[in-house]
Amino acid sequence: MSKGGYLELLRVLSAEIVVPMAVRDEIYAYGEDDVTSKALRETDWLVVRQTPEIPTIIQNWDLGKGESEVLTWGYREKGTEIIVDDLAGRRCALALGIPVRGTLGSVLVAKKRGVIPQARPVLETLRLTGMYLSDAVMNRALAKVGE
């Protein structure tokens with residue numbers, strides 16, 4: 001969302017977004033001039049946290065370290081909604097009863113709450129900046145918010 005200029009939309013989900021250390025490390029690996037790296041360093045409501053040890057039940061899914069730490073946060077902090085776009089990560093969250101939302105869902109919430117007038121232009125911009133989202137999935141989702 002930072003690459004498309006829509007990072008602020010995450011604030012419709014929570015006043016504070018927890019970023020596990022592994023996710024921070026993945027972002028910082030892009031270099032200090034990367035837009036997401038800069039945003040993470042400069043945005044006070046993006047809060048980096050140490051995640052507890054990844055439980056075996058999540059390790060068994062063989063996901064990346066970042067996804068595993070995000071899932072661990074949601075698993076340990078009951079009721080916390082996590083943001084994951086990776087399909088395997090989303091399946092793990094659903095299997096473990098962890099509330100999960102992706103980028104698409106975050107944009108739809110922003111539209112429903114009147115933060116943005118239309119979701120389609122936001123999603124199109126995000127697709128242009130690297131987010132994978134098929135036309136079929138996007139159009140079904142947009143239909144749910146009247147677009």
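In this predicted model, Glu124 has a relative accessible area of 29% and is therefore partly exposed. Its salt-bridge partner is Arg127, with 3.6 Å between the closest N and O atoms. Arg127 is likewise partly exposed, at 23% relative accessibility. Both residues belong to helix H7, which covers residues 120-128, and they are three residues apart, about one turn of the helix. An α-helix has 3.6 residues a turn, so residues three or four places apart point the same way. The pair is part of a network of salt bridges that links Glu124, Arg127 and Asp135.

Seven salt bridges are present in the structure. One of them joins Arg49 to Glu16, and the closest N and O atoms are 3.7 Å apart. Arg49 is located in strand S2 and Glu16 in the segment before S1, so this salt bridge ties together parts separated by 33 residues in sequence. Arg49 is partly exposed, with a relative accessibility of 33%. For Glu16 the value is 39%, which also counts as partly exposed. A further salt bridge is formed by the side chains of Arg24 and Asp25, with an N to O distance of 2.7 Å. Asp25 has a relative accessible area of 42% and is partly exposed.

Helix H4 comprises 12 residues, 65-76, for which a rise of 1.5 Å a residue gives an expected span of 16 Å; the C-alpha atoms at its ends are 16 Å apart, so the two values agree. Buried residues in H4 are Gly66, Ser68, Glu69, Val70, Leu71, Thr72, Trp73 and Gly74. The cover over these buried residues includes three strands, S1 (17-20), S2 (46-49) and S3 (82-83). It also includes the helices H1 (21-28), H3 (56-59) and H5 (87-96).

The largest nonpolar core contains 21 residues, of which Leu7, Trp45, Leu46, Leu71, Ile82 and Ala93 touch the most other members. Two or more residues are contributed to this core by each of S1, H1, H2 (35-42), H4 and H5. Leaving aside residues up to four places away in sequence, Ile82 is in contact with Val70, Leu71, Gly74, Ala93, Ile98, Pro99, Val100 and Arg101. Among these contacts, Val70, Leu71 and Gly74 are buried residues of H4. A second core, separate from the one above, has 18 residues, including Val12, Met138, Ala141 and Leu142.

Methods: Residues numbered from 1 in each chain as written. Predicted model: local features only at pLDDT ≥ 70, side-chain atom pairs only at ≥ 80, totals over all residues. Heavy atoms only, no water. Helix = DSSP H or I, 4+ residues; strand = E, 2+ residues; numbered from the N terminus. Expected span 1.5 Å × (residues − 1). Buried < 20%, exposed > 50% of the residue type's maximum accessible area, 1.4 Å probe, protein only. Contact = heavy atoms within 4.5 Å. Core = buried A, V, L, I, M, F, W, Y, C linked by side-chain atoms within 4.5 Å. Salt bridge = Lys/Arg side-chain N within 4 Å of Asp/Glu carboxyl O.
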